[in-house]
Structure formats: C-alpha cells, structure tokens
Amino acid sequence: MEASSTSLKRLKFGKLKVVRRRLLQRYEHQPFISCLAGFYSCRWKRYQRRKTEPGKCCCKTRECVFFPLLVGAFCFSLVFLYMWGEAKNDYNNFDWYNYGNLGFWFLWSLVLLIVAAILFMYITLLLVLAMCLLAEGQQLYLHWSHKIGTFLVLGFSITALFILSVLWGDQWKTVRLSFQITAPYLHIGAITIMVLLSWPVALHAIRADKKVVQVIIVGPYLAILLFLFLIPLGMYSPCIRETGTLGPKPALIGHRGAPMLAPENTEMSFQKTIEHGGDGLETDVTISYDGVPFLMHDSTLRRTTNIKEVYPNDTAQNAALFSWDTLQELNAGTWFLKDKPFSCMGSLSRADQKQAMNQSIYKLSNFLRLADSQNKLVIFDLYRPPEKHPYRNSWINRTLEVILNESGIRPHLVLWLENDMRSFVQSVAPGFQQTMGSKAPVEDLLMDNIVKLNLAYTEMSSEDIRTYAKVNITTNLYVVNEPWLFSLAWCSGAHSVTTNAVHTLKNLSQPLFLMTPQQYNIMWILTDLTSVLLISLIFALHWWRERSFSCCAHDGGPVLESGTYNKFRTELSDMPAIMA
C-alpha cells in the first residue's frame, strides 16, 4: 500500500510539472518583452515580471533611487565621449604628454576613445531597454551586474572628466568651439530623443490616477522640450552666413612639415608639404653647442632620433649640448616607422619607407634654402640654449646670421615670431614679416609693426579676426588638423592655419557646415513642427487607448492585466490541489 501510494504521488507530481510547463508555454507569448526584461533584469519568464499598475510608480523604491544614477551615468559618459571625440585634433599632444611622463610612445588617446565609446554604448543600451520596458508598461528591475556596470561607467566618466579638466582644461574651449559647428545637428538629435521619450511619458502620465502625478511626469518633460525649441535663438555660428560673404580659403602652413606622412622636422617632411600644395613651413630651431642652428622640437633627442642606440648614456641630455658633428651621426627617421605617432596615418609606400629610414637631423640653413627655392613662407619657434651654453646670450644674433648671410632666403618669406630683441631684429632685417604670438591692443601691434598674429586655435574669435583685419593684420591659427575645425577657421576669416594634415585640408573646396540663415531657419522650424505633431499624436493615441480600455473595464471587468494572464495565475494557484 505504501509503495503504491508513493508511486501515485510521484505520478501526480510528474503530471504537475508537465501541467506547469505547458501552462508556461501556453501563456509565454511576449517574445519582445521577454528579450527586453531578459537583457535588462535577467528575468526571461513572464511570471517573473510585473506590469505597472495604473497610478503606481514604474518601479519599486530601491529601483526609483537607482534609475537616476543610470540616467546620470548616461549623461556623464555622453559628455566625456563628446568631449574626447572633439579633442581628436589634439590627440598627438596628449600622446606626447604621456610619452614625457611614461618614457615610451603609445596611442593612449585612441585607447581612451575606444573605451569611452564602449562604455557609452553599454550604458545607452541599458537606458534604451529601460525606456522600452516603460513604454510596454513593465516595472523596472535592473540586474545587480548591470548596477555594478553602471557605477563603473559613472565613476570612470567623472574621474576622466576631472583629470582632463585639471591637466588639459583648454579642451573645454575646443568643446565650446565645436558647438558653433555641431549645435544645429545636436539640436535635431535632442528633439528626436524627446519624441521617442514621449511614448513612455504619455503612457504613464495618462494612466496616472492623480493630477499631481501627471504634473510631476509631464511638467519636466514639457519644460525640457520648450527649452530645446527655443535654444536655437541663442545659437551662433560663423558658418551660418549669407551667400557670397565667405572669405578666401586659409593658407596651409605645414606644422613641422607633414608629420603624418614623414618624420617631423626632416627634409622629407617639408618636401611632402610642398608636394601637397602647402603654402608655408613651420618648424622649431635649436642651436648646437658649436653654434649650428638645427631643427628639433623636443628638448632631448630621445623621441625623434636613435640616440638610445648610439649614445645610450646621453638620452636625457639637452639637444643643444651636442655638437653638430655628433648630431649628424643620428638617424631621425626610423622612430617614425616604429612608433607611428598618429592614429590616422596611412600606410607608406616602400619608397617612402626607405626614404624615411634615411632621414637625418636638418640644418636651419638647408631648411631656409628649400623654402626659398619653392617660394614658401617660414615661421619657427626659436629655443634659447640652456645655461652655460656658448650661445646662451647670442642665440638671436647667431640665428639672424644664418638667415641673412648663409641661407639667402628672401626676407619677406620669413615670419619672425620671437619677441625678444624685436626692435633690433627690425633694424637688422626690416623685410621680415613681424609676427606676434598673442593678442594685444591694435595700437600696440601697429607700434611694433606687427603684420600677423600667430594664435592657438582655442583663441579663435571671428570678431577679433575682423578687427585686426581692418588694420591689415592677418591671423594664423595653430594647430588645426580636423576638417570641422578648419571649416570653422575658414568661416571665422582666418588668413592661414598651421596644420599636421596639409594633404587632407588641401582637398576641401568649401567649409563642411556652411548654410544660409534661411536654410537654418527652415531646418529649425521644420524640426520643431514635426516633433510637435508627432508628440501630439502619441499623447492622443495613448489617451484614446486608455479611454477605450476604461470603457471595456466598466462593461466586462478589468482588462489592464489581460484576462489570459489572470487566468494563468489562477490556474497556477490551483495546481497544488492536484496533489490532494
């Protein structure tokens, strides 16, 4: 008897599992919601989920506290990704800074961009899943692993923004400049997001049973929407201008030659600039211990020569403390093929690779002869030798001697930038184009016979450029590599730019984001009107659906939870009776 009773119970229990499995299979007919909840909450089965009741919060108290953190992580990661994406113009400076601190070259800028993009996509996916679940009327529950991920993204983004703000605060100026180009398109993107958000907002606002709750839901949404509608009134961009008012394309000055195509400050680099139609050449001048001016940007020879192989004990020594005979022994090209200093470098031909491997340190006199033969402007930073150097106090005189007596370059091709002993330089070489490296009152510039300003691109101002242009003082901006930044400089009226990418910018026939005020107004108005229409239709649709459901509920009982699912829960609760 006991054995048969046990067998009967086992049989009933087996049937119970079969019935339960069939019921789950019967009522699991929501693959879309199952995927959403599975990826967001790791709740793949329907009985694990809960729908939002009318007038109730979309999630439990703990989830309500965490959801703003998810939104905050999205916002901070978006800000960091945008900031670092627009900083691409200066990635080489960032990598150079890290090289000085770490002692080896690596494209840390590219790694940081990839990490920022991955984290942003991850947190965006979570937020999209949350919005879709809300749109389907589901309660939110973020899985604990995603909560950890959210904290990591939030912490990384805030930490990265803080460190970059402290060490590289000028990048926020770049971000502000970028808005003059991207703001119209960011505006369209923000409006599109608000249209998509109108679906869950309308659903939960109309289902709310209290006016206060409706105001809390709809009020902030409408305030943000109104702000986005009106923000174009405060936008300014020099690239939004009337037809025919755009000035000539800025001249292109190769920054240390063409450092994306050849080793910087070498003969090959300057030849590449000339081949691609550059209008001028920029470099850095240091004076050797025996008085030979040569081209070198860094204070040491470690980064751009093979001194570690030839003179391993002198890698930290100042470049100006070597004699010219010693400097001639060094190779100034093999590092370029090994380190690849730019992430966007193309592959070199075999001939270019062979030529790059045979580059040596370039003398100033040879550089000036090359520029003169090609009728190219030259501008250079002149570095004063360190203490106890024989030419510590005669560095400018020695440089002038090379320019005037040894190179034979025509004086009008020289943009003289060094501010020390400017009066003396003007008396000795009156044909030089006197250039100032900072902004100053127009009266002071005219008194010093300044004809050109050489400014960092972060100081770009179309108003200042126009003011200086009225008194025939032109403006050169450095270092401008990205097409969007070059387009902004063009629209702002810059006369020339110093760039690492002559080969790229030379191909631009007009600014990338040029439009007339009429075109911009049409784009703005059409975007706002279309969004208002779509949002109104979405709210009207939800109101009509809830009104229809309310009528059905009065006629035949509640249908909000769906009758099928209610029946499923009832049958599950009755299943223990099978074992009785």
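## A tour from strand 7 outwards

Begin by selecting T435 and K452: T435 stands opposite K452, a residue of strand 7. The model on the screen is a predicted one, and the stops below follow its strands first and its helices afterwards.

**Stop 1: strand 6 and strand 7.** Extend the selection to residues 433–436, which form strand 6, and to strand 7, and you will have a pair that runs in the parallel sense and is held by two bridges. If you trace the backbone from strand 6, the chain passes through helix 17, residues 442–447, before it arrives at strand 7, and this β-α-β crossover is right-handed.

**Stop 2: the side chains of strand 7.** Keep residues 452–456 selected and show their side chains. Which residues point one way from strand 7, and which the other way? K452, N454 and A456 point one way, whereas L453 and L455 point the other way, and all of them are buried. In a regular strand the side chains alternate between the two faces of the sheet. Since five of the five residues of strand 7 are buried, strand 7 is largely enclosed by the rest of the structure.

**Stop 3: across to strand 8.** Now add residues 474–478, which make up strand 8; strand 7 and strand 8 run parallel and are joined by five bridges. K452, already met opposite T435, has T474 as its bridge partner in strand 8. The connection can be followed through helix 18, residues 462–469, which together with strand 7 and strand 8 makes a right-handed β-α-β unit.

**Stop 4: strand 9 and its two partners.** Select residues 496–499, which are strand 9, and look at the directions of the side chains: S496 and T498 point one way, V497 and T499 the other way, and all are buried. On the side of strand 8, two bridges join strand 8 to strand 9 in a parallel arrangement, and L477 has V497 as its bridge partner in strand 9. Helix 19, residues 483–492, belongs with strand 8 and strand 9 to another right-handed β-α-β unit. Strand 9 also pairs in the parallel sense with strand 1, residues 251–255, over four bridges, and there A251 stands opposite S496.

**Stop 5: T174 in helix 7.** Leave the strands and select T174, which has its place in helix 7, residues 171–207. Is T174 buried or exposed? With a relative accessibility of 1%, T174 counts as buried, the cut-off for that label being under 20%. Apart from neighbours within four places in sequence, the residues in contact with T174 are E86, D90, Y457, T458 and W484.

**Stop 6: helix 5 against helix 7.** Show helix 5, residues 108–135, alongside helix 7; their axes come within 8 Å and cross at roughly 40 degrees. Because of that angle, helix 5 and helix 7 are oblique to each other, and their crossing is left-handed. To see where the two helices meet, select M131, L134 and A135 in helix 5 together with L197, W199, P200, L203 and H204 in helix 7.

**Stop 7: I535 in helix 21.** Move on to I535, which lies in helix 21 and is buried, with a relative accessible area of 7%. Draw a distance between the C-alpha atoms of I535 and S198: the two residues are 337 apart in sequence, yet 6.1 Å apart in space. S198 is also among the contacts of I535, which, leaving aside neighbours within four places in sequence, are M194, V195, S198, Y221 and L225.

**Stop 8: T516 in a loop.** Next select T516, found in the loop between helix 20 (502–505) and helix 21 (517–556). T516 counts as buried at 14% relative accessibility, and, neighbours within four places in sequence left aside, T516 is in contact with I240, R241 and T243.

**Stop 9: helix 9 and helix 13.** Select residues 267–275, helix 9, and residues 350–357, helix 13, whose axes come within 9 Å and cross at roughly 140 degrees. That makes helix 9 oblique to helix 13. The residues that meet are M268, Q271 and K272 in helix 9 and D352, Q355 and A356 in helix 13.

**Last view: the whole chain.** Finally, clear the selection and show the chain, which has 22 helices and nine strands. Of its 580 residues, 45% count as buried. When contacts between residues at least 6 apart in sequence are taken, 69% of them join residues at least 24 apart.

Notes. Residues numbered from 1 in each chain as written. Predicted model: local features only at pLDDT ≥ 70, side-chain atom pairs only at ≥ 80, totals over all residues. Heavy atoms only, no water. Buried < 20%, exposed > 50% of the residue type's maximum accessible area, 1.4 Å probe, protein only. Pairing = 2+ DSSP bridges. Right-handed = clockwise from strand over helix to strand, strands pointing away. Contact = heavy atoms within 4.5 Å. Axes fitted to C-alpha atoms, helices over the stretch in contact; angles between N-to-C directions. Parallel < 35°, antiparallel > 145°, perpendicular 65-115°, else oblique. Left-handed = near helix turned anticlockwise from the far one by under 90°.
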